[in-house]
Amino acid sequence: QKSEVQDTLTSLETLKNISSNNERKDELKSILESDTIAKNVIAFLLNKFQITHMAKAKFKKDLSSLELKTDDTSIESFEQFLNFISNNPSGTDESIKRIQNYAKTLESDTLYQFIIDIASKSYKIHVNAKSYNDIAKELNIPQVPDFAVQLAKNIDDSVIQNKLSKNKETLGTFYITEKFDGVRCIAFIKNGTVQLFKRSGREIT
């Protein structure tokens, strides 16, 4: 299991350190074609709707005195770890300790930090959802949800004025509203639970 984590870290570090966009896309395609574990990690990191509620600062807690419940099975493999953070996004001390315990079994400071960076979604891979989805579509594999919002334009914008002057009959329906100062967000309601997101895709808690 330690080798799986190390191999995944090596793949992602190689991807991250490629400066050429075309070469990075080629490397990403190679990973998506042949490395299932690394592919799943990348998809998890890029999916802005996959929220763990595990801030990096939480992993600095000393939870050595915390006793886990007997029904809290330990994480014993990289695959179990990925399933856990994907399906149990609670951010509780118990969840943090389970991840800490697993990371310690790897007996490597580098791999320990890698696990924490994945769980807190703070690991940067220098790849965006669009690049991933372009390749995923080509390979006929599942894409990651891409978070994008339609931004309003000022009616005085030269591009808008140009469209208005040339395409009055074909513009279709559009709306002009007053813009108020304040905090803007997007609200999702699912199974009676409300989540608020910034336009960047980051959750507002």
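What follows is a walk through the fold of a predicted model, from its overall layout to its core, its small sheet and its salt bridges.

The chain holds eight helices and three strands. Read from the N terminus, the order is simple: the helices come as α-α-α-α-α-α-α-α, and then β-β-β follows. Of the 205 residues, 33% count as buried. The accessible surface adds up to about 13900 Å², and carbon and sulfur atoms account for 46% of that. As for how the chain folds back on itself, take the contacts between residues at least 6 apart in sequence: 70% of them join residues at least 24 apart.

The helical part is where the largest nonpolar core sits, and this core has 42 residues. Those with the most contacts inside the core are Ile-42, Phe-78, Phe-81, Ile-85, Ile-99, Ile-115 and Ile-118. Seven helices each supply at least two core residues: α1 (2-16), α2 (21-34), α3 (36-46), α4 (78-87), α5 (93-105), α6 (109-119) and α7 (129-139). The largest share comes from α3, with seven residues.

Helix α3 deserves a second look. Eight of its 11 residues are buried, so α3 is largely enclosed by the rest of the structure. The buried ones are Ala-38, Lys-39, Val-41, Ile-42, Ala-43, Phe-44, Leu-45 and Leu-46. And what does the covering? The cover over these buried residues of α3 includes α1, α2, α4, α6 and α7. Ile-42, then, is both buried in α3 and among the core residues with the most contacts.

Phe-78 gives a good view of the core from a single side chain's position. Leaving aside residues up to four places away in sequence, Phe-78 touches Gln-1, Glu-4, Val-5, Thr-8, Ile-37, Val-41, Tyr-102, Phe-114, Ile-115 and Ile-118. Two of these partners, Ile-115 and Ile-118, are themselves listed with the most contacts inside the core. Another partner, Val-41, is one of the buried residues of α3.

The strands tell another story. Together the three make an open sheet in the order β1-β2-β3, with antiparallel pairing. The edges are β1 (186-190) and β3 (203-204), each of which pairs on one side only. Five bridges hold β1 to β2, and Phe-188 has Gln-195 of β2 as its bridge partner. On the other side, two bridges link β2 (residues 193-197) with β3, where Leu-196 stands opposite Ile-204. Between β1 and β2 the chain makes a hairpin with two residues between the strands, and Asn-191 in this hairpin takes a positive phi near 55 degrees.

How much of β1 is tucked away? Of its five residues, the number buried is zero, so β1 lies largely in the open. Ile-189 is part of this strand. With 66% relative accessibility, Ile-189 counts as exposed, because that is over the 50% cut-off. Ile-189 also joins Val-194 and Leu-196 in a nonpolar patch on the surface, and the three together have about 280 Å² of accessible area.

Finally, the charged side chains. The structure holds five salt bridges, and three of these are described here. In one, Lys-16 and Glu-13 meet at 3.0 Å, N to O. These two are three residues apart in helix α1, which means they are separated by about one helical turn. Glu-13 is partly exposed, at 25% relative accessibility.

A similar spacing turns up in helix α7, where Lys-130 and Asp-134 lie four residues apart, about one turn of the helix. Their side chains form a salt bridge at 3.1 Å, N to O. Lys-130 counts as exposed at 53% relative accessibility, whereas Asp-134, at 44%, is partly exposed.

The remaining example is the salt bridge between Lys-61 and Asp-93, with the closest N and O atoms 2.8 Å apart. This pair ties together distant parts of the chain: Lys-61 lies in the loop between α3 and α4, Asp-93 lies in helix α5, and 32 residues separate them. Both ends are partly exposed, Lys-61 with a relative accessible area of 40% and Asp-93 at 29% relative accessibility.

Note on methods:
Residues numbered from 1 in each chain as written. Predicted model: local features only at pLDDT ≥ 70, side-chain atom pairs only at ≥ 80, totals over all residues. Heavy atoms only, no water. Pairing = 2+ DSSP bridges. Core = buried A, V, L, I, M, F, W, Y, C linked by side-chain atoms within 4.5 Å. Buried < 20%, exposed > 50% of the residue type's maximum accessible area, 1.4 Å probe, protein only. Contact = heavy atoms within 4.5 Å. Patch = residues over 30% accessible without salt bridge, like charges linked within 9 Å, V, L, I, M, F, W, Y side chains within 5 Å. Areas by Shrake-Rupley, 256 points an atom, 1.4 Å probe, with all protein chains shown as cover. Salt bridge = Lys/Arg side-chain N within 4 Å of Asp/Glu carboxyl O.
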